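Visitor: Please show me the structure, and then explain how the labels attached to it are justified.

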Amino acid sequence: MLTELEALGWGTDFERDYQAYLGALTPEEQALVQPVRVTGTGRQSVQVRGAQGEEEVQLAGALRQAQVTPAIGDWAVRQDTGAGPGRLVHVLPRRTTFSRAVGADDGRRAQAARQQIIAANVDVVLIVTTPDADFNAERLTRYVQAVEVSGARPVLVLNKADLHADVTWYLEQLRAVGPDLELHAVSAAAGAGLEGLRALLTGGVTLALIGSSGVGKSTLTNALLEGDVAVTGAVRSTDGQGRHTTTTRTLYRVPGGGLLIDNPGLRDIAVWDSASVHFDDLEELATQCRFRKCTHTTEPGCAVQAAVQAGEIPASRLAAFQAQARKRR
């Protein structure tokens, strides 16, 4: 039986960091704090949940001065103030960080770009798309790259699979995006094909959903949560686009175990500071290729392709490596 904190995603790494934080406090100060997980965010306050339940707490002045902004999914330290709401005084190191670059021009990182953290400590990210005019394999590849850079595991989901009698072509395109990635074809509105996604939601595992507006993320959230907790909207018949029905990020407890984050619909995503994404392991492998200018596609004696085929490197990571190389040309 999981404890309340374990059901919220608490693990040995967070326990270690929390104990290190406690080590700098006096016994009296230690008695006033406890670990909590951020379930919702606001400008001056955040929603948190811990062993004592859910509540709204204020951000400590020190966090605001240090420009530390808690993100949905963060593990943090709540301090009892004795009267009124508690205070959030510290954010524990993140296991994974899912973020995007904002302020860049045409999807390219500019000097003015900054990091926007979308979610923290996410284990699995469902990349949701649909078999309609909005389907874009290149965009989905960028989603996969961003998720892998975050440290989470990407899973591809073709929602609204009942729109067509045969979605074989779309599934083939998705397999090309990530041959080694888990892939599900579902119809959230009809409740079809959801068993595989529910199997991902084991105790303490946190999922997030991303994808363009109109792909049915809120409907999928409602289906997995078995209730109408996320607002859904209609898709425009003119272009197949949907309205942004989710305007805030919320961490939900899933019946039967697991946690789920619903994100606002994202029209596109750019990997934060993609120039700093390192492929040292692939660069080292490339030195073992038979040909010095190997493109790691169809050349014989390619050490990188051999590692992918052996399951040592995700094919989606190789795709990101190749995409970065093309930008340098």
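Guide: This is a predicted model. The lining of the largest cavity is made up of Val128, Thr129, Asp134, Asn136, Arg139, Leu140, Tyr143, Gly211, Ser212 and Val215.

Visitor: What makes these residues lining residues of the largest cavity?

Guide: A lining residue has an atom within 4 Å of a cavity point, so Val128 and the others named are counted as lining.

Visitor: How many cavities of 30 Å³ or more are there?

Guide: The count is one cavity. The space in the largest cavity is about 40 Å³.

Visitor: Which elements supply at least two residues of that lining?

Guide: Strand S8 (124-129) and helix H5 (137-150) each do. H5 gives the largest share, three residues. By residue class, the lining has four nonpolar, four polar and two charged residues.

Visitor: Turning to asparagine 121, which lies in the loop between strand S7 (114-120) and S8: why is asparagine 121 called buried?

Guide: Its relative accessible area is 2%. Buried means under 20%, so asparagine 121 is buried.

Visitor: What makes the approach of the asparagine 121 side chain to glycine 73 a polar contact?

Guide: The side chain of asparagine 121 reaches the backbone oxygen of glycine 73 at 3.0 Å. The cut-off for such a pair of N or O atoms is 3.5 Å, so the distance qualifies. The same side chain reaches the backbone nitrogen of arginine 95 at 2.7 Å, which is also within 3.5 Å.

Visitor: Which residues beyond four places in sequence are in contact with asparagine 121?

Guide: Among them are Phe14, Arg37, Trp75 and Thr206.

Conventions
Residues numbered from 1 in each chain as written. Predicted model: local features only at pLDDT ≥ 70, side-chain atom pairs only at ≥ 80, totals over all residues. Heavy atoms only, no water. 1 Å grid on protein atoms, 1.4 Å probe; cavity = no way out; pocket = protein on both sides within 12 Å on 5 of 7 lines; lining within 4 Å. Points joined across faces, edges and corners; volume = space filled by probe spheres on them. Helix = DSSP H or I, 4+ residues; strand = E, 2+ residues; numbered from the N terminus. Nonpolar A, V, L, I, M, F, W, Y, C, P; charged D, E, K, R; others polar. Buried < 20%, exposed > 50% of the residue type's maximum accessible area, 1.4 Å probe, protein only. Polar contact = N/O pair within 3.5 Å; in protein donor to acceptor, adjacent residues only side chain to side chain. Contact = heavy atoms within 4.5 Å.
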